[in-house]
Amino acid sequence: MRFASLAAAALLLSAAAFAQEIDKGKILGSPAAPVRIEVYSDFACPACRSFHEQMLPLIVRDYVMQGKVAIVNREFPLNIPAHKYSREAANYATAAARLGIYQPVSDQLFRNQESWSASGKVWETVAGVLNAEQQKKIQALVHESSITAEVQHDLDAGNGLRVNSTPSIFLVRGSQRLPIPFPVNYSFLRSLLDGYTK
Amino acid sequence: MAIPNNALRWITLVLRVVLGIIFVYAAWAKLRLPWQLFAMSIDSYQLLPTPMVEFLARTLPWFELALGLVLIGGWWLRLTSAFTSALLLVFFSLIVRAAIKGQEISCGCFGPGETISWKTMLRDGSMLAGSLFITAMAFVNRRRSRMPGPESLPQGGTPSEPAPSLPPSASR
């Protein structure tokens, strides 16, 4: 009986800790949605761009707008030579999330992926969708250790889930976490989500 | 150096049971999850139309389960092992094809979450080699069992003695 109570308390505590560790600025949709889709992505990864630009709008239209699903964005900058500016991009996006402008910044980074990932002009790209005040705030924020720590936290969480490629997508419902194979076939994903959000 | 027949039989038995258990586990790993996840894994190979993918996703795990159980039981061994080898050959070819094409996709072998890598190819290649060995042994054993042995000698006869001629009715 005592063990059961302790286990229940531990579960509650871990659930609370999990809820706290999600950056609210990186959630698309209601945090109270019954199903979460966690996306570990790298701003320099072409497959992530394809998911962001083609699949995500469909999920947002059909499920996020109706409060059935929330999208949780996680940074997973790959440590490979071709992605040498990914971490910097992730830092800027995380700083933008603190100001509540993660989506426009991530849209901009994916849209201009080819240019900044070749030239390294990450800030110039991000600045294109920010006003003067936002630029100033993000430049101040991006150097804070809490930003790099948050990106590292996402990386560690991904490694803990054995993420080894991007995008890695997980469907989370309660304590259940299902890896979604990529590339995603939307008709099968819709069938799955319909079953989970009835 | 020839391997004794008894050792070969043991090796075959162990391989067969291990392969059967792997098949049962692969089936369980898929059946415990919604079929759509396996469908997305099959679909990521970009080979089949959606209705075919759905059909395979719904039926293949049950088929793997049956195949695994029959392998463990050792029933209809020539047929089962030949079929297992053919199936594993298809799986292995698809994995190698995906790797050659540079597709970073989920293998789908034991449910979602395993990206194809050299480890996947090594594992599936070993399974295929094991299955081919079982199949070869099943056919060799069948041929051996059909060869005349001591029990086919006439009563009281020895291998060195010529067998008495049988009456026409008995030789039919």
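This text walks through a predicted model, starting with chain A, moving to the contact between the chains, and ending with chain B.

Begin with the sheet in chain A. It is an open sheet of five strands, and their order across the sheet is β1-β3-β2-β4-β5, with mixed pairing. At its edges lie β1 (27-28) and β5 (176-180) of chain A, each of which pairs on one side only. As background, strands of a sheet pair through backbone hydrogen bonds, either parallel or antiparallel. For β4 (residues 168-173) and β5 of chain A, the sense is antiparallel, and five bridges join the two strands. One of the links is between A:R173 and its bridge partner in β5(A), A:Q176. Helix α8 (residues 145-160) of chain A packs on the sheet, where it touches β2 (35-41), β3 (69-75) and β4 of chain A. The direction of α8(A) makes about 105° with that of β3(A).

Return to β4(A) and β5(A), since the turn between them can be described too. The two strands form a hairpin with two residues between them. A:G174, in this turn, has a positive phi of about 60°.

Next comes the question of what lies inside. In soluble globular proteins, nonpolar side chains tend to be buried together. The largest nonpolar core here has 61 residues, and those touching the most other members are A:V69, A:I71, A:A89, A:Y92, A:A93 and A:A96. Another core lies apart from it, with 10 residues that include B:L19, B:F23, B:L67 and B:I134. To see the surroundings of one member of the largest core, take A:I71. Leaving aside residues up to four places away in sequence, A:I71 touches A:L28, A:G29, A:I37, A:V39, A:L56, A:I59 and A:V64.

Now look at where the chains meet. Chain A brings 15 residues to the contact and chain B brings 17 residues. On the side of chain A, β5 and α9 (186-196) are the elements that give two or more residues. The helix α9(A) gives the most, with five residues. Sorted by class, this side of chain A has nine nonpolar, six polar and no charged residues.

Chain B is built from five helices and zero strands, so its pattern along the sequence reads α-α-α-α-α. Of its 172 residues, 28% are buried. Among contacts in chain B with a separation of 6 or more, 67% are between residues 24 or more positions apart.

Helix α1 (residues 5-31) of chain B allows a simple check of length. Its 27 residues should span 39 Å at 1.5 Å a residue, and its end C-alpha atoms are 39 Å apart, which agrees. Which residues of α1(B) are buried? They are B:T12, B:R16, B:L19, B:G20, B:F23, B:A26, B:A27 and B:K30. An α-helix has 3.6 residues a turn, so residues three or four places apart point the same way. The buried residues of α1(B) pack against α2 (35-43), α3 (50-73), α4 (77-100) and α5 of chain B.

The last stop is B:L132, which sits in helix α5 (residues 118-146) of chain B. Is B:L132 buried or partly exposed? It is partly exposed, because 16 other C-beta atoms lie within 10 Å, and a buried residue would need 20 or more. B:L132 is 83 residues from B:P49 in sequence, and their C-alpha atoms are 30 Å apart in space.

Terms used
Residues numbered from 1 in each chain as written. Chains lettered and ligands numbered in written order. Predicted model: local features only at pLDDT ≥ 70, side-chain atom pairs only at ≥ 80, totals over all residues. Helix = DSSP H or I, 4+ residues; strand = E, 2+ residues; numbered from the N terminus. Buried ≥ 20, exposed ≤ 12 C-beta atoms within 10 Å, placed from the backbone. Contact = placed C-beta atoms within 7 Å. Core = buried A, V, L, I, M, F, W, Y, C linked by C-beta atoms within 7 Å. Pairing = 2+ DSSP bridges. Axes fitted to C-alpha atoms, helices over the stretch in contact; angles between N-to-C directions. Nonpolar A, V, L, I, M, F, W, Y, C, P; charged D, E, K, R; others polar. Expected span 1.5 Å × (residues − 1).
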